[in-house]
Amino acid sequence: MENGHAGKHRVAVIGSGNWGSVASRLLASNTAKLPSFHDEVRMWVFEETLPTGEKLSESINQAHENCKYLPGIKLGTNVIADPDLESAVKDADMLVFVTPHQFVEGICKKLVGKLRPGVEAISLIKGMEVKMEGPCMISKLITDTLGINCCVLMGANIANEIAVEKFSEATIGYREDKEAANRWAKLFTTPYFLVAIVEDIEGVELCGTLKNVVAIAAGLVDGLDMGNNTKVSILLLKAF
């Protein structure tokens, strides 16, 4: 795998919502310390105009904070918001996908032929594309469209708690390339965010996707005042 400038890996985050901003903060805290990574983390921002009239990307770069999707949390001075997708990824050899799942296919099509050789990807996206021929996992969509290896990172976590450094854990799923998975784990792991790896992309990604379905069902149980026994039954159904 080709590294970034001066033998260092360069990271770009595709997405800048709540989870995308938290992920960028997490990654930037490590790239600033790890010698094998370039310290700058490029974060692609779907440009918006704030009520003040300021562009969201400009606000992030000036305040080092995403005032719309993660207010009150500093991202780090080495997180650079870029509203141009191609510009954000052009020098990166490690791409982190963290957008709503319905936008992934369109984003990937824009990136075809625009990436460096040997690029690796990881998806933090919970969800799947449902097509006429059947469901398609997001990692497979990325791999098939761009022709690159794509791991997944999933966990039953709330992004805002990770942002304030409350203890959390996640799992990286990979296929065959354990070295790439370990590199991603090194990039994401902190004392408050522990990452394990397992050679099972589909299992990890499905758990992340179905977790949200179970969470909605648990919320319905609360709303209908059906009790904890019913809620536990739903959790056990997922386990089996």
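**Group meeting: salt bridges, a sheet and two annotated domains**

Okay, let's start with a little cluster of charges: Glu40, Arg42 and Asp82 are joined up in a network of salt bridges. Before I go on, keep in mind that this is a predicted model. In total the structure has 11 salt bridges, and I'll walk you through a few of them.

Take Glu86 and Lys114. Their side chains form a salt bridge, at 2.9 Å from N to O. What does that pair tie together? Well, Glu86 sits in helix α3, residues 85-89, while Lys114 is in the loop between α4 (104-111) and β5 (120-123), so the contact ties together parts that are 28 residues apart in sequence. As for exposure, Glu86 is partly exposed, with a relative accessible area of 38%, and Lys114 is partly exposed too, with its relative accessible area at 38%.

Next, two bridges that stay inside a helix. In α4, we've got Lys109 and Glu105, 4 residues apart, so to speak about one turn of the helix. Their side chains meet in a salt bridge with an N to O distance of 3.8 Å. If you're checking that against the cut-off, a salt bridge here needs the nitrogen within 4 Å of the carboxyl oxygen. Are these two buried or exposed? Lys109 is exposed, at 54% relative accessible area, whereas Glu105 is partly exposed, at 22%.

Then there's helix α5, residues 138-146, which holds both Asp144 and Lys140, again 4 residues apart and about one turn of the helix. That salt bridge comes out at 2.6 Å, N to O. Lys140 is partly exposed, with a relative accessible area of 46%.

Right, on to the sheet. How many strands are in it, and in what order? There are 8 strands forming an open sheet, and they run β3-β2-β1-β4-β5-β8-β9-β10, with mixed pairing. At the edges you find β3 (79-82) and β10 (193-198), and each has a single partner strand, so one side of each is left without a neighbour in the sheet. From one strand to the next, the twist averages 25°.

Let me zoom in on one pairing. β5 and β8, the latter being residues 149-154, pair in the parallel sense over 4 bridges. If you want a spot to click on, Glu120 stands opposite Asn149 in β8.

Now for the annotations, both from an unreviewed UniProt entry. The record puts "domain: Glycerol-3-phosphate dehydrogenase NAD-dependent N-terminal" on residues 11-178. That span is 30% helix and 26% strand, and its end C-alpha atoms lie 19 Å apart. The other UniProt feature, "domain: Glycerol-3-phosphate dehydrogenase NAD-dependent C-terminal", is placed at residues 200-235. What is the chain made of there? Over residues 200-235 we get 86% helix and 0% strand, with the end C-alpha atoms 21 Å apart.

One last stop, away from the charges. Ile216, Leu220, Leu224 and Met226 make a nonpolar surface patch of about 440 Å². Ile216 from that patch is located in helix α8, residues 201-223, and at 57% relative accessibility Ile216 counts as exposed.

So, to go back to where we began: Glu40, Arg42 and Asp82 are in their network, and the structure's salt bridges number 11. Okay, that's my tour, so over to you.

Key: Residues numbered from 1 in each chain as written. Predicted model: local features only at pLDDT ≥ 70, side-chain atom pairs only at ≥ 80, totals over all residues. Heavy atoms only, no water. Helix = DSSP H or I, 4+ residues; strand = E, 2+ residues; numbered from the N terminus. Buried < 20%, exposed > 50% of the residue type's maximum accessible area, 1.4 Å probe, protein only. Patch = residues over 30% accessible without salt bridge, like charges linked within 9 Å, V, L, I, M, F, W, Y side chains within 5 Å. Areas by Shrake-Rupley, 256 points an atom, 1.4 Å probe, with all protein chains shown as cover. UniProt positions renumbered as here; feature names shortened; annotations may be inferred. Pairing = 2+ DSSP bridges. Axes fitted to C-alpha atoms, helices over the stretch in contact; angles between N-to-C directions.
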